[in-house]
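Student: I have a structure open and would like to learn how to read it. Could we go through it together with some questions?

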Amino acid sequence: MCVKAGQRESDHQRILGTMEETQCRSSKKKVVAVVGGGLVGALNACFFAKRGFDVEVFEWREDIRKAKIVRGRSINLALSHRGRQALKHVGMENKIVSKGIPMHARMIHSLSGKQSPIPYGKKGQYILSVDRANLNKELLSEADTYSNTKLNFDHKLQDWNAETGLMTFVRPDGSQVQIKADLIVGCDGAFSATRKQFLRRSRFNYSQTYIPHGYKELTMPPISGEFAMKPNFLHIWPRNTFMMIALPNLDKTFTCTLFMPFDEFEKITTGDEVIRFFQKYFPDAIPLIGVDALKRDYFQLPAQAMVSVKCSPYHIDDKCVLMGDAAHAVVPFYGQGMNAGFEDCIVFDEMMQQFNEDFSAVLPEYSRVRVPDDHAIADLAMYNYIEMRAHVNSKWFLFRKHVDNFLHFLMPKTIIPLYTMVTFTRTRYHEAVERWHWQSKVINHGLLLSAVGAVVGGSYLLIKGPPNVNRVIIPAEKVWNRLVALRTL
């Protein structure tokens, strides 16, 4: 008979009771322990529950569905194709999409206040602004609907054994709980407790990089009950070495995030200095956020750090696997952190199908396939920060965007823009990068040859038959006047 330990049992009895319950349950089904009840952990619970495993989710925080204050990051999320496909697999796509706001383009704010849109893709293609906390709550509630899933909050992983699968958790009152799992899935974030066991083993590669930039969040309230700016855009104020972005929320606010080097943040110490800084670099945002709100919100929290984590392999034998930020934390500038984590879930599930749920075959194959892709998106996220804060101001960048989109229109299967491959397809990340480098090389060579051909051809025509200057000047003036007239319409 399976009996769970009572509230007043000693720590030793509680441990034995929990182990007995787990062993009794696993006599029929394998037990999968998911460490971390965040976005990837909650979604993973749904995937494993659908396959009929007994799923135990362990989260060190309290249940955020009941919490008055949700601890953790609050940067808005951009949901795109990869993430949507994973949600679709567990029947959650429509529900989540209905609570997101489509963003069809970047809206670039110049210093003068001029706004210029740069579409993300073809007409009809968009990414979704979604609220992190609400998405997490929805996924936890969905996982809770499965009778073979149990959510355990206030359980902090203390240690686990790679040979036996025995895991030890600590409760807020200091008591310990143990469970024995057939598979441990580490989804416990960039500072993963699960990953610590990996670091004790030989031939495990690990690196973490803090970028010299931090971020602060500000809120732009509605004006007369409506959005203060056009809502269906990701607004960007690019200022070369730093930038501010704003994403729309369902309550008609915008979450503004200022990304800037830490030493620049440290120079601003008073409310008046905040206003002077915004007057210099983001003057059009001041009346939308509000002077008093800026002075207050800017100093609510210190600038937060951003870390990029790479490691390999993602598994230990047939016992444990890392997913999401525990395996590959990325900086937020490509909008792919959550999407890559969600794609981890669907890739693993596809391999479970392929290898008939044989963990000894699935886990090494998952590492082999997924490591190069996740390392590629980590590098792309670093690159995209430079693009967002600096390149979008470049005329060459905008010209190349137009050339790429035009060639994609002419040859949709041959030339595909990098952003399209990453955001609107499930092309493997590292393959997208390789194809991007090839396409850039071909297009740049083509543009160079075209320019050289035009110069050589023009020079030949000029040498062969110099034009009558009077004939050239009059039509040129007429063309210019017509262009000016068109601009004034």
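Student: How many helices and strands does the secondary structure of the protein chain come to?
Tutor: Good place to start! Keep in mind that we are looking at a predicted model. Its secondary structure comes to 17 helices and 19 strands.

Student: What average pLDDT does the protein chain have?
Tutor: pLDDT is the predictor's confidence in each residue, from 0 to 100. In this chain, 84% of the residues score at least 70, and the average is 87.

Student: Over which residues is the pLDDT below 50, and how many contacts beyond near neighbours does such a stretch have?
Tutor: Where pLDDT is low, the predicted coordinates should not be read in detail. Residues 19-27 are one stretch below 50, with 15 contacts beyond near neighbours in sequence. Another is residues 1-17, where the number of such contacts is 18.

Student: What percentage of the residues in the protein chain is buried?
Tutor: A residue counts as buried when its relative accessible area is under 20%. The chain has 489 residues, and the buried part of them makes up 50%.

Student: Among contacts between residues at least 6 apart in sequence, what percentage joins residues at least 24 apart?
Tutor: Here we leave out pairs that are less than 6 apart along the chain. Among the contacts that remain, the part joining residues at least 24 apart is 70%.

Student: Is helix α2 largely enclosed or not, and how many of its twelve residues are buried?
Tutor: Let's list them: the buried residues are Leu39, Val40, Gly41, Ala42, Leu43, Asn44, Ala45, Cys46, Phe47, Phe48 and Ala49. Because so many of its residues are buried, α2 is largely enclosed by the rest of the structure; the count is eleven of the twelve.

Student: How far apart are the end C-alpha atoms of α2, and what span should its twelve residues have?
Tutor: Helix α2 covers residues 39-50, and at 1.5 Å a residue its span should be 16 Å. The distance in the model agrees with that expectation: the end C-alpha atoms are 17 Å apart.

Student: Which residue with a positive phi follows α2?
Tutor: Look just past the end of the helix. The phi there is near 95°, and the residue is Gly52.

Student: What is the order of the strands in the open sheet of three strands?
Tutor: Start from the edges: β3 (77-79) and β4 (101-103) each pair on one side only. Three bridges join β4 to β7 (residues 127-130), and these two run antiparallel. Neighbouring strands of the sheet are turned by 40° against each other on average, direction ignored. With antiparallel pairing, the order is β3-β7-β4.

Student: Which residue in β7 is the bridge partner of Ile101?
Tutor: Strands of a sheet pair through backbone hydrogen bonds. Opposite Ile101, the bridge partner in β7 is Ser129.

Student: Which residue's side chain is joined to that of Ser80 by a polar contact?
Tutor: Ser80 sits in the loop between β3 and α3 (81-89). Its relative accessible area is 3%, so Ser80 is buried. Not counting residues up to four places away in sequence, Ser80 touches Ile127, Gln336, Asn339 and Thr423. The polar contact, at 3.1 Å, joins its side chain to that of Gln336.

Student: What separates the C-alpha atoms of Ser80 and Gly335?
Tutor: Along the chain these two are 255 residues apart. In space, their C-alpha atoms are separated by 8.3 Å.

Student: Is Gln197 buried or exposed, and which side chain makes a polar contact with its side chain?
Tutor: Gln197 lies in helix α6 (residues 195-199). Its relative accessible area is 12%, so Gln197 is buried. Leaving aside neighbours within four places in sequence, Gln197 is in contact with Asp159 and Trp160. The polar contact, at 3.5 Å, is with the side chain of Asp159.

Student: Which residues of strand β15 lie on each side?
Tutor: In a regular strand the side chains alternate between the two faces of the sheet. In β15 (residues 243-248), six of the six residues are buried. Both faces are covered, with Met243, Ile245 and Leu247 on one side and Met244, Ala246 and Pro248 on the other.

Student: Which residue of β16 stands opposite Ile245?
Tutor: β15 and β16 (residues 254-261) run antiparallel and are joined by six bridges. In their hairpin, with five residues between the strands, Lys252 takes a positive phi near 70°. The residue opposite Ile245 is Thr257.

Key:
Residues are numbered from 1 along each chain as its sequence is written. This is a predicted model: local features need pLDDT of at least 70, side-chain atom pairs count only at pLDDT 80 or more; totals for chains, interfaces and linings use all residues. Side-chain values use heavy atoms; hydrogens and water are left out. Contact means heavy atoms within 4.5 Å. Two strands pair if DSSP finds at least two bridges between them. Helices (H or I, at least four residues) and strands (E, at least two) are DSSP runs, numbered from the N terminus. Axes are lines fitted to C-alpha atoms, for helices over the stretch in contact, and angles run from 0 to 180 degrees between N-to-C directions. Buried means under 20% relative accessible area, exposed over 50%, partly exposed in between (1.4 Å probe, protein chains only). A polar contact is a pair of N or O atoms within 3.5 Å; within protein, one must be able to donate a hydrogen and the other to accept it, and residues adjacent in sequence count only if both atoms are side-chain atoms. The expected span of a helix is 1.5 Å times one less than its number of residues.
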